[in-house]
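The following exercises are meant for a reader who meets this structure for the first time. Each task is followed by a solution in steps.

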Amino acid sequence: MTPGTPARRVPLARPGTAWVLGGLLLALAIVDVPLSRLAHQSLNASGGSVPVWLSVAYGAVGLVVAWRKPGNPLGWIFLLVGLFSALAEDASFYMVADYRLRHGSLPLGWAAVLTQPGWAPTVALLGVAVLLFPDGRPPSRRWRWVLWAYLGVAALWIGGAAVISVGAIAGHDIRVDSGGNLIGLTGGAAGPDAWFGVVQDVFFPLLALCWLLSVASQVVSYRRSSGERRQQLKWMLAGAIAGAAGLVLSFPLSGAGLPGLVHDILVVAGILSLPVSIGVAVFKYRLLDIDRILSRTLSYAIVTGLLIGVYAGLVLLATRVLKVHGTVAVAAATLAAAALFAPVRRRVQHVVDRRFNRARYDADRTVAEFSARLQDAVDLDSVRDDLLAAVTGSLEPAYVSIWVAEGQR
């Protein structure tokens with residue numbers, strides 16, 4: 001390699017390998033249907049892993065990235081996440097059918113016991129994906145020790161799950177819960193397997209710490225970056241925040257009587273937001289739309305919160321204070337919330353765009369008005385003042401400076 005020649009990224013595997021792994025993932029997803037019926041469980045059951053269609057979504061993002069950018073390990077990581085989670089779900093169904101319904105009479109039950117802890121490498125790989133975003137390398141050399149520490153902790157955790165599984169097979173003591181998990185891996189087992197509960201109590205906080213450090217590294221990189229890389233990091237961080245918010249909100253709202261469909265939408269959005277946002281950022285597709293997406297998401301979240309508050313307040317006022325019949329109160333509150341939606345959304349969107357989406361705030365009207373005023377302007381000072389006012393009113397920068405060549409003044 002001659003001096004000054006940039007290093008070439010060596011593909012981790014051939015693009016054809018991605019299609020082979022993608023075909024394997026599709027086969028695991030198809031097999032999931034008869035296995036769920038064999039276990040008398042729903043396809044949406046997620047006792048041993050996430051539902052298989054979510055695994056397929058992760059694998060699909062990984063397949064596209066690994067096929068188009070084979071030198072970037074993020075595609076292969078997401079593809080393996082989909083494979084391991086789908087394999088774990090299939091094994092969970094088979095273990096329920098074999099060891100809970102048929103008392104171990106089905107063949108190859110031991111293979112399901114060995115493959116069911118696929119959720120462990122799935123969790124570990126997702127943490128690696130955050131640290132290696134967006135080009136497959138840690139943010140700097142100083143963060144490599146975080147990567148190796150994380151991989152070491154994850155290897156011990158995965159190894160512990162494998163030891164428990166092999167021990168259950170060797171001792172002919174395979175006990176499975178209703179979700180298809182080996183009892184020894186649930187952390188509540190007693191006797192010889194009790195040590196794994198202690199291992200998980202120690203390693204889960206360490207894994208969480210490594211995850212937080214990975215996110216912190218991306219935040220630091222975001223603050224120091226600019227241009228295209230900054231937009232990529234903004235996509236990733238937005239996906240991570242949306243995922244965490246969706247998953248966190250789904251649990252307390254579910255306990256508060258949230259409809260099942262809304263709860264499912266929150267969970268699905270939380271799980272899929274990270275791979276989708278990372279896929280968009282890696283391909284550098286529509287990077288500039290992230291500011292618009294963030295402003296729309298924030299505005300609709302604020303509007304939803306305000307309307308829910310108005311709705312609940314009107315229902316309480318009508319039923320508790322005015323003693324109106326419950327059905328009439330609910331209908332009136334629903335109509336009032338629907339009538340307020342449009343004006344509240346316009347006002348909130350106006351405020352949010354002005355604060356978080358300045359580059360797009362009334363851009364067409366601002367340019368048209370400035371162009372109209374510029375046609376009649378003859379004094380350079382007035383043009384300068386008009387330009388400064390237009391830029392300040394639209395973008396609200398911290399400072400503005402204009403350079404004018406003296407020879408052309």
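**Exercise 1. Determine which residues form the salt bridge of this predicted model, and classify their exposure.**

Solution. Step 1: arginine 175 forms a salt bridge with aspartate 173, and their closest N and O atoms are 3.4 Å apart. This distance satisfies the cut-off, because a side-chain nitrogen of Arg must lie within 4 Å of a carboxyl oxygen of Asp.
Step 2: a search of the whole structure finds one salt bridge.
Step 3: arginine 175 has a relative accessibility of 41% and therefore counts as partly exposed. Aspartate 173, at 41% relative accessibility, is also partly exposed.

**Exercise 2. Describe the secondary structure of the protein chain and the confidence of the model.**

Solution. Step 1: the protein chain contains 13 helices and zero strands.
Step 2: the mean pLDDT of the protein chain is 76, and 77% of its residues reach 70 or more.
Step 3: among the elements, helix H3 (residues 73-101) has the highest mean pLDDT, 90, while helix H12 (residues 363-375) has the lowest, 69.
Step 4: over residues 1-7 the pLDDT stays under 50, and the model has two contacts beyond four places in sequence for them.

**Exercise 3. Classify the aromatic pair of tryptophan 19 and tryptophan 67, and then that of tryptophan 119 and tryptophan 157.**

Solution. Step 1: the structure holds three aromatic pairs. In the pair of tryptophan 19 and tryptophan 67, the ring centres are 5.4 Å apart and the planes stand at 70 degrees, so the pair is edge-to-face.
Step 2: tryptophan 19 belongs to helix H1 (residues 15-38) and tryptophan 67 to helix H2 (residues 52-68), so the pair ties together parts 48 residues apart in sequence.
Step 3: tryptophan 19 is partly exposed at 47% relative accessibility, and tryptophan 67 is partly exposed with a relative accessible area of 39%.
Step 4: the rings of tryptophan 119 and tryptophan 157 have centres 5.7 Å apart and planes at 55 degrees, so this pair is tilted.
Step 5: tryptophan 119 lies in helix H5 (residues 119-132) and tryptophan 157 in helix H6 (residues 144-170), so the pair ties together parts that are 38 residues apart in sequence. Both tryptophan 119 and tryptophan 157 are buried.

**Exercise 4. Establish whether alanine 91 is buried or exposed, and which residues it touches.**

Solution. Step 1: alanine 91 lies in helix H3.
Step 2: its relative accessibility is 4%, and alanine 91 therefore counts as buried; the cut-off for this class is under 20%.
Step 3: leaving aside residues up to four places away in sequence, alanine 91 touches Ala112, Thr115 and Gln116.
Step 4: alanine 91 and alanine 111 are 20 residues apart along the chain, and their C-alpha atoms are separated by 8.2 Å.

**Exercise 5. Identify the residues of the nonpolar surface patch, and relate the patch to the surface of the protein chain.**

Solution. Step 1: the patch is formed by Leu108, Trp110, Leu114 and Val166, which together have about 400 Å² of accessible area.
Step 2: tryptophan 110 lies in helix H4 (residues 109-115) and is partly exposed, with a relative accessible area of 46%.
Step 3: the protein chain exposes about 23,100 Å², of which carbon and sulfur atoms supply 67%.
Step 4: of the 409 residues of the protein chain, 37% count as buried.

Methods: Residues numbered from 1 in each chain as written. Predicted model: local features only at pLDDT ≥ 70, side-chain atom pairs only at ≥ 80, totals over all residues. Heavy atoms only, no water. Buried < 20%, exposed > 50% of the residue type's maximum accessible area, 1.4 Å probe, protein only. Patch = residues over 30% accessible without salt bridge, like charges linked within 9 Å, V, L, I, M, F, W, Y side chains within 5 Å. Areas by Shrake-Rupley, 256 points an atom, 1.4 Å probe, with all protein chains shown as cover. Helix = DSSP H or I, 4+ residues; strand = E, 2+ residues; numbered from the N terminus. pLDDT = per-residue confidence, 0-100. Contact = heavy atoms within 4.5 Å. Phe/Tyr/Trp six-rings, centres within 6.5 Å; stacked < 30°, edge-to-face > 60°.
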